[in-house]
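Dear colleague,

I am handing over the structure below, and I would be glad if you could look through it before reading my notes. The notes are meant for someone who has not seen it before.

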Amino acid sequence: MLNTRFIRNVRLGIKTLMLHKMRSILTMMGMVFGVGAVIAMLAVGEGASKEALDQIRRLGSQNIIITSQKPAQGSGSGSMRIRLNIYGLLYDDLDRITQSFKHVERAVPAKLIRGTGRVGGRALELRLVGTTPNWFELVDRERIAGRVMVPRDMETNANIVVLTEHGARKLLAGQDPIGTKVKINQGYFEVVGIIKSESTDSGSMQTPDEKIDAYIPLNVAIERFGDITTIRGQGSRSREKVELHQLIVQVDSIEHVEATAAGIERMLMTFRPKKDYKISVPLALLRQAEATQRTFNIVLGSIAGISLLIGGIGIMNIMLASVTERTREIGIRRAIGARRKQIIGQFLIETIVLSVTGGFIGIGIGVLIPWLITMFADMPTIVTLWSVLLSVVISIGVGMIFGMYPAMRAANLDPIVALRHE
Amino acid sequence: MIEVKGNMAKNDQVIELHEVWKTYRMGDQDVHALAGIDLEIKRGSFWAISGASGSGKSTMLNLLGCLDRPTSGSYALEGQRISSMSDDELSDLRLKHLGFVFQSFNLIPQLTVQENIELPLFYQGIDAHIAADRARTIANRVGLGDRLKHRPTELSGGQQQRVAIARALSNEPSVLLADEPTGNLDTATGDAIMGLLTELHNQGRTIIMVTHEPEIAAYAQFQLTMRDGKIASIIENHTCPSGIASLKNDAPC
C-alpha cells in the first residue's frame, strides 16, 4: 500500500516537473555537470596515477636500486686536470650486501659500458650491461627467442650476448639472430637470446633496462673492457674508474625494504670517504606517488563538493519558487486531509526525482567524456565503480538535503492562508 | 486514525458547538471573530450561513472544516472534540468526515478530472483500482462520466464545480462544506449546481454552505445569519424554491 502510494507520488512528481520542462531541465543542469565533472575528473586522475604507479611498480617495489654517482668535486676543479677519477660501487660491495643482510634475496650488479655493435654494415649504439644471470630473474622480461644468460656462461667466460628486441631488429633484421656474431667495440659476441624491453621512449620514470641494452656476463665485461673509461670533454680528457655502475637489491618482502635500504646506506657509508652512490627505493617513490594521489583526490573532492553544492542550491531555489507558486495547491491538499508529512513527501520526491535524474544524466556524461579523452587524446582513463556509486548516493543526498527546507516550508503553511493565496 | 464509535455514529447531531469563541489579536486589541456560538446541526440537514463581511462566517466555516481550532468552547464533529487534537489528527478528521467545495473550484491543474476526484482516496491509501471505480461512479452521478481524462482547465466553470463536488463526495463525508459554491458561476449554472446540492441533500447528505446571496440561501433548510461573531437569527425554510419542488416531489419541505 505504502509502496504503491510511493510509486504514485513519484509519478505525480515527474508529471508536475514535466509541466515546466525547460525549468526542470535547467535546474537539473547543476547536478548533470556536477556529477559528470566528478566522474570524468576522477577517471582522468585515476588513469594518470595508475600509469605512474605501474611504472614505479615495474621498477619493483621489493627492490632497492643503488647507482654509482660521481661525488661533488672538491676545490680547484676549474683548471686542475684530474687524471683519474675513482668512485662508485665496488665488486666488494656486492659481496658485502649479499652476505651481511639476511633479508636480501639477491643482488644484481650492472657494469655499464657504452659501445657500438656492428653486424655487417649495420651499426647501433649499445649500452653494454655486464651482469650476472640473476638479472633476468629480477628484471623479468618476456623472452622472444633463444635463452637468457646462465651460470655456465659465467664459469666459462663465454663471449655471449643477450639482445633486446629493439637491438635485434636494428642489427639483425632479416636473418636468424641466434648464433650470429656481433662485433661490439673490439670483440665478437655470439647472440644467444632476445628479450623484450619495457623501457619506453617517454621515459619520465626509470626502469632498470633500456631498449638499447646488450647483456654480457659480468666477468667478460671486466676482462674485456676493464674499469676505466675515458671521457672526452671540451679540449680535455678525463678518466674514470668505476667498478660497478648499479646494484639492484631485491628484498624478500615489502616490509623489510625500508629497513634494509637504511642498513645498506649505513654500511656503504662506513667503507668510503665520499658519498659516491645514490640509493633509490621504488617503494618510497610509490608511497610518495600515492600520497600525491591522495592530495589530488582531496582537491578534486573539494571541487566536486562545491559544484554539487551549487547544483543543490539551484534545486532548492527552484523548489522554493515552486512552493510559492503552488501555495494554493498545498492548501487544497491540506484541506482535503493530507498530513504535513505527506506534503513533505510530495515535494521531497520532486527534488529527488530532479537530482537523481540529473545525477544519472551526469553519470552518462561522466563516462562519455573519459571515453572521448582516451579516444582522441590517447590518455589513459579509468572510470571507477565507486565514483559512479558515490555520484548516485550524492545526487540522492543533495535532493534530500536541499529539498527538505522547501518541503518543510510547504508543509508548515497554514491551510487557511494557503487556500486564500492568489 | 480516529475511530467513530458505534453509538456516536448513530448520534443525530453531526456537529455540536458550545460557547465557541475565536479571538484574534490585532495590534493590542482583541477581535472576537466568533463570540460565544452555540449550535447543533442534525444529520441530513442543509444549512446556509450568511452575513455581512466581517460577521464571522468565514471563521465559522474554517472552524467547522477543522482547519482551525476554537480559542475557547468546544466543537465536536461526529462526537469528537477537536480542541485538543494534533495537526495530524485534524488532517485525518478532514480526510474522513469532511468534503470541501470552494468558490473558485480549487482543482489541482496538473491532475486529470479522475485524479482530482481520487485525491482524498489517495491520501486514505485506498487501492488504486477501487479508487478509480469509485471516482467513475461519482463522476457519473454528477454528470461528468465522459470527462474523466480531461484536465480541469479544459472544462467550463460549472463542470469544474461538479468535479469539485465529486471530489468532496469521494470519501463519503459526514458533512459537505461549501464556500460560496455559485460565486464564480452565472445564474443558470449556479442554479444547476444548487440543484445538484439539493439532490444530495435529498439523498441524506449534511450540507453547510456559506453564501451572501439570499436566492442561494433560500435553497437551504435552515438559514443562519451572523452578525459580529454571533448568531443573529436562524430561519427554517418551509417553502421550497419553486424550481426544486417540481423537480423533486420527495423533497422534505
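What follows is a description of some features of chain B and then of one residue in chain A.

Please keep in mind throughout that this is a predicted model.

To begin with the overall make-up, chain B contains 9 helices and 10 strands, and 46% of its 253 residues are buried. Among the contacts in chain B with a separation of 6 or more, 67% are between residues 24 or more positions apart.

One part of chain B to look at is an open sheet of 4 strands, which has the order 2-1-4-5 and antiparallel pairing. Strand 2 (29–42) and strand 5 (80–81) of chain B each have a single partner strand and stand at the edges, so one side of each has no neighbour in the sheet. Within this sheet, strand 1 (residues 13–26) of chain B runs antiparallel to strand 2 of chain B and is joined to it by 11 bridges; as an example of the register, Lys22(B) is opposite Leu34(B) of strand 2. Helix 2 (residues 57–64) of chain B lies across strand 1, strand 2 and strand 4 (72–77) of that chain, and its direction makes an angle of about 55° with strand 2.

Further along chain B, helix 4 (residues 113–124) and helix 5 (residues 128–141) have axes that come within 9 Å and cross at roughly 120°, and the two helices are therefore oblique to each other. Their crossing is right-handed. On the side of helix 4 of chain B, the contact is made by Val113(B), Gln114(B), Ile117(B), Glu118(B), Leu121(B) and Phe122(B), while helix 5 of chain B contributes Ala131(B), Ala132(B), Arg134(B), Ala135(B), Ile138(B) and Ala139(B). By type, the residues of this contact divide into 9 nonpolar, 1 polar and 2 charged.

Turning to chain A, I would point you to Ala107(A), which is found in strand 3 (residues 104–119) of that chain. Is Ala107(A) buried or exposed? Ala107(A) has 23 other C-beta atoms within 10 Å, and because 20 or more are needed for a residue to count as buried, Ala107(A) is buried. Leaving aside residues up to four places away in sequence, Ala107(A) touches Leu94(A), Ile97(A), Thr98(A), Leu247(A) and Val249(A). The C-alpha atoms of Ala107(A) and Ile65(A) are separated by 9.6 Å, although these residues are 42 residues apart along the chain.

With best wishes

Conventions:
Residues numbered from 1 in each chain as written. Chains lettered and ligands numbered in written order. Predicted model: local features only at pLDDT ≥ 70, side-chain atom pairs only at ≥ 80, totals over all residues. Pairing = 2+ DSSP bridges. Contact = placed C-beta atoms within 7 Å. Axes fitted to C-alpha atoms, helices over the stretch in contact; angles between N-to-C directions. Parallel < 35°, antiparallel > 145°, perpendicular 65-115°, else oblique. Left-handed = near helix turned anticlockwise from the far one by under 90°. Nonpolar A, V, L, I, M, F, W, Y, C, P; charged D, E, K, R; others polar. Buried ≥ 20, exposed ≤ 12 C-beta atoms within 10 Å, placed from the backbone.
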